[in-house]
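Trainee: I have a model open and would like to learn how to read its features one by one. Could we start with a strand and work outwards?

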Amino acid sequence: MKRIDKVEQALQQIWQNKSQEVLLNGGSSAREIADQLMITRSNASGDLNLLVREERVIKIKQYPVRYLPLMVVEKTLEMTLPRPLVYKSLTDLLSSPEQGNGVIKPIDPLTDIIGSQQSLKNAIFQAKAAVHYPPFGLHMLLLGRTGSGKTFFVQKIYDYALYAHRLKPDAPFISFNCAEYANNPQLLLSQLFGYKKGAFTGADQDQAGLVDQAQNGILFLDEVHRLPPEGQEMLFYLIDHGVFNRLGESSFQNHAEVLIICATTEDPESSLLNTFVRRIPMVIKIPSLDQRSLSEQVDLTKFLFCDEADRIQRPLKVDIEVINALLQSVETSNVGQLRSLIQLTCAHTFLNNMNDDGYLHVKMRDLPQNVQLKWGSGTEMMAGTKKLTDYLDMVTVITPQEQMAPKKQFNDANIYRLISNKVSELRQEDISDSEINQYIMTDLHLHIRNFVTKSEVDYSLLNFMEPKVLAFIKKLRKYAEKQLRRTFDRRFDYYVGMHVDAFFKRKSDVETIIPGDLDVLERENQKEFQVAIGFKQLFSEEFGINLSEIEVAYLIMLLLSIESLSDRSKKKVGVLVVAHGDSTATSMVSVAKELLGVVPMLPLNMPLTVSPEEIYERIAQKLAVLDEGLGVLMLVDMGSLAMLDERLIESTGIKIKTISNVTTSMVLDAARKINYMNVGLNEVYESILNDFQGLAQATNGDADKPKAILSICTTGAGTAEKIAGMINHLISETTDEYIKVLQISSLKMAQHVRDLKQHFNIIGSVGTKDPRLGVPFIPLEDLIDGTGENALRSLIASRQFKIKRQPDKHYMVRELTEDTLKQYLLYLNPTVITPVLIDWLDTVQTAMKITLSNTAQLKVLVHTAFAFERVLKNEPLHYTDTLSEEIDTLSELIIKTIKPIERQLNLELCQDELLFITEAINDVC
């Protein structure tokens, strides 16, 4: 039996056969259930709350919080209780007669929200109106900044719909973040709408999507602006007609009755299709924290402190200055950041008072250091505190909602107890002492590494050590500095002091665990070993204590960690997030910094119109800012960006690792590992690559069919063949993966595509007509212009992490120029003159600091080649226009740069021809 089932069973056994009067005033706390089943209170509480969400248990929000089994209560009272099953009290159960027995009036989920009568009053009114609108409610769009509480508000709308009986008790609530699959529209749409058997490789059976799962309930689409246009079109068709088609279906044959709620942080007018926005009749704005009244901000702060009191199971006393400083320091105006600051503050308070009983007093010294520095003093601080006196006492008392658990002891003794238990288990399995010692040393190393590399250090703890212990720490530090010939800072006092202080507190209840084997530590770290032995001697002289071998090992590892921290304390691997779009990279980095604090991470948004050379220059600039000597991890959205690796490493001298197909989850993972695990570039690269390998494979499409790109043309097989040749060249230089290029005519495209999809996984198409397959399409004119070439390279490269080699950036221009010149040149060899002219035009562009499009380059190259051809035919053009100052100035550069070609071809252009070439370049700039 699972633990959660045991919890429910225990609750039923306690309350079955109880009278109605006993049930109305009864209930079990999480602590009582935990004690009965001999599990932790946190596990019992988690299981009980999950049972409430699964509608198997009732929750009574009293002090302490109590729980009752739903089946027993409904059977005893002979009635069905309304949902959600969270009530303030059961004592008034029979006060409102209904169906002969009475019914409890549960809490209105929306009016129970902080701000329901102030800043959220209008939003709640709109939400209720939308829920009640016949026949199934109005679809809603929620607008608000990141962290304003949109997701929380949607959950409350769902709870209200249940409360108001607008949804059945078993109605589903399906939540989907459109950003999760934003880089793979086909996968996103298949998740949302489902797919038919045979729609793509691996689609062995019909698969329902989230719309199906949300039938007769609510579908919540977060970050809806990340939904591609075709997805928005399918969604508003569903809104209009109540029908939709799955991936692979040609007709709308699926019906759905779903209330759709969308949320976005963006301006809907600029980030969503107008046709989609017009179909969402109810637009609700959720205010950010700074848009709420001071009384609401205070209530929210107290609510979040209450959450922490529940978490640590200790009552709190919070100084009014603390609340003022927290509210003033939430720079991004979101509740999420406020929650993080409160959690850090409570963690410091707990650490400062973990050996005390009773209340934990939250003071200014417990605030994160950056908050203390900003709000430690000043008239603004005093003015803010004065305003809060209208809503708060000088000290606010906050108690846990649930019964307090026995006080926990958090100190270094825990690691020794864990090791002792592990030794006992390993010995029972007949593991040798030498092998056991290896296990112990590994555990010890990990424990110390986590202890030393944690993000927050509170030096105020040193003030609470006994003077004799603090003086001894100074003595140890002086000894270590002399022996190791290096200077330690306050970190030595903090980490060694914390350990020694804990050692004296636990020495009476911790025994020697296992005869240690210090040979490996001594052999690999002789200097630190000698220092630790010296520490042992000093302990003996000062306190008459003989340290065990495991203590010596601990001190060696602690010294090594502090030394490593000193060397790298201010240095971390940098992270550069590069993504196409106006704000994609910025959004992902903002989320990471809000959740994980200060991270050496920068975003780089790349509009689709930016040239490859400009992309390179921008990345190089960002790398120079980020690199602290340990290298930079680049997380990019398209594989083509990874092809810049070698060039960037060579030009900047910075160590770089690149991973494609970036997601918000990947950015968060990188930030977490770099901030809290003290990892190097190779470590974080390999770790993320391994962790997200499944994601990368998921975006690779259908694995059991060969991949293909369509070459589509209406003008004849010759043109399609030429397009196919260009695509094949780009594939060959971009990847070793086999990708087939299929030539088809647009005249019978629908039939051709249906046949080809049976045998190939089509990942994209190029040509004169979009086959509308839900995969990228690159128009022929874009391919010729150059923007399509970059998109095609990205499409090919994004299928894998490893790029084959640097691209030939002139391939498309060279092919187009040669083809054109072959039709018109009589004397010059197009194959010979084309690369010569391309090199010359590169020189001109560099000198002018410009980058010309493919079509512009084609115009200049063909014009210049014709000029040399006319020299051979002795038919030069005559320049009759008035010479402008602009053309005159530019002609000096053209004359200077073209001289080497004239010498190479043994042909000299006349002044008039040079002016025409200058004019051609000036026209396309």
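Mentor: Gladly. In strand 16, Gly574, Leu576, Val578 and His580 point one way, while Val575, Val577 and Ala579 point the other way, and all of them are buried. Keep in mind as we go that this is a predicted model.

Trainee: How many residues of strand 16 are buried?

Mentor: The count is 7 of 7 for strand 16, which spans residues 574–580. To see what lies beside a strand, look for its bridge partners. Strand 16 runs parallel to strand 18 (residues 632–636), with 5 bridges between them, and there Val575 has Leu633 as its bridge partner. Strand 16 also pairs in the parallel sense with strand 17 (residues 601–606), over 6 bridges. In that pairing, Ala579 is matched with Asn605.

Trainee: Which strands does strand 22 pair with?

Mentor: Strand 20 (residues 707–713) is joined to strand 22 by 6 bridges, running parallel, and Leu710 stands opposite Ser765 there. Strand 23 (residues 777–779) is joined to strand 22 by 3 bridges, also parallel, with Gly767 opposite Pro779. As for cover, 7 of the 7 residues of strand 22 (residues 761–767) are buried.

Trainee: What is the strand order in the open sheet of 3 strands?

Mentor: The order is 2-1-3, and the pairing is mixed. Strand 2 (66–69) and strand 3 (86–87) each have a single partner strand, so each of these edge strands has one side without a neighbour in the sheet. Strand 1 (residues 57–60) pairs with strand 2 in the antiparallel sense over 4 bridges. One of the matched pairs is Lys59 with Tyr67 of strand 2.

Trainee: Which helices lie across strand 1 and strand 2?

Mentor: Helix 1 (residues 3–15) lies across both, at about 85° to strand 2. Helix 5 (residues 70–77) also lies across both, at about 65° to strand 2.

Trainee: Now the nonpolar core. What is the general idea?

Mentor: In soluble globular proteins, nonpolar side chains tend to be buried together. Here, the largest nonpolar core has 48 residues, and Ile709, Leu792, Trp840 and Phe868 touch the most other members. Helix 38 supplies the largest share of this core, with 8 residues.

Trainee: Which residues does Leu792 touch, leaving out those up to four places away in sequence?

Mentor: Leu792 touches Ile709, Ile727, Leu730, Val766, Ile778 and Leu783.

Trainee: Is Thr918 buried or exposed?

Mentor: Thr918 has 0% relative accessibility, so it counts as buried. Thr918 belongs to helix 40 (residues 911–924), and its side chain reaches the backbone oxygen of Leu914 at 2.8 Å. Beyond residues up to four places away in sequence, Thr918 touches Ile887, Leu890, Ser891 and Ile894.

Trainee: Next, the backbone. What should I expect before I look for exceptions?

Mentor: Most residues other than glycine have a negative phi, and most peptide bonds are trans. Met38 has a positive phi of about 60° although it is not a glycine. Asn874 likewise has a positive phi, near 60°.

Trainee: Where do Met38 and Asn874 lie?

Mentor: Met38 is in the loop between helix 3 (30–37) and helix 4 (41–53). Its relative accessibility is 76%, so Met38 counts as exposed. Asn874 is in the loop between helix 38 (854–873) and helix 39 (885–905). With 65% relative accessibility, Asn874 counts as exposed too.

Trainee: And which peptide bond is cis?

Mentor: The bond from Pro134 to Pro135 is cis, with omega near 0°. Pro135 sits in the loop between helix 6 (121–132) and strand 4 (140–143).

Trainee: Let me finish with the whole chain. How many helices and strands are there?

Mentor: The protein chain has 40 helices and 23 strands. Of its 925 residues, 51% are buried. Its accessible surface comes to about 44300 Å², and 49% of that belongs to carbon and sulfur atoms. For contacts along the sequence, take those between residues at least 6 apart: 72% of them join residues at least 24 apart.

Key
Residues are numbered from 1 along each chain as its sequence is written. This is a predicted model: local features need pLDDT of at least 70, side-chain atom pairs count only at pLDDT 80 or more; totals for chains, interfaces and linings use all residues. Side-chain values use heavy atoms; hydrogens and water are left out. Helices (H or I, at least four residues) and strands (E, at least two) are DSSP runs, numbered from the N terminus. Buried means under 20% relative accessible area, exposed over 50%, partly exposed in between (1.4 Å probe, protein chains only). Contact means heavy atoms within 4.5 Å. Accessible areas come from the Shrake-Rupley method with a 1.4 Å probe; for residues, only the protein chains shown count as cover. Two strands pair if DSSP finds at least two bridges between them. Axes are lines fitted to C-alpha atoms, for helices over the stretch in contact, and angles run from 0 to 180 degrees between N-to-C directions. A nonpolar core is a set of buried Ala, Val, Leu, Ile, Met, Phe, Trp, Tyr and Cys residues joined through side-chain atoms within 4.5 Å. A polar contact is a pair of N or O atoms within 3.5 Å; within protein, one must be able to donate a hydrogen and the other to accept it, and residues adjacent in sequence count only if both atoms are side-chain atoms.
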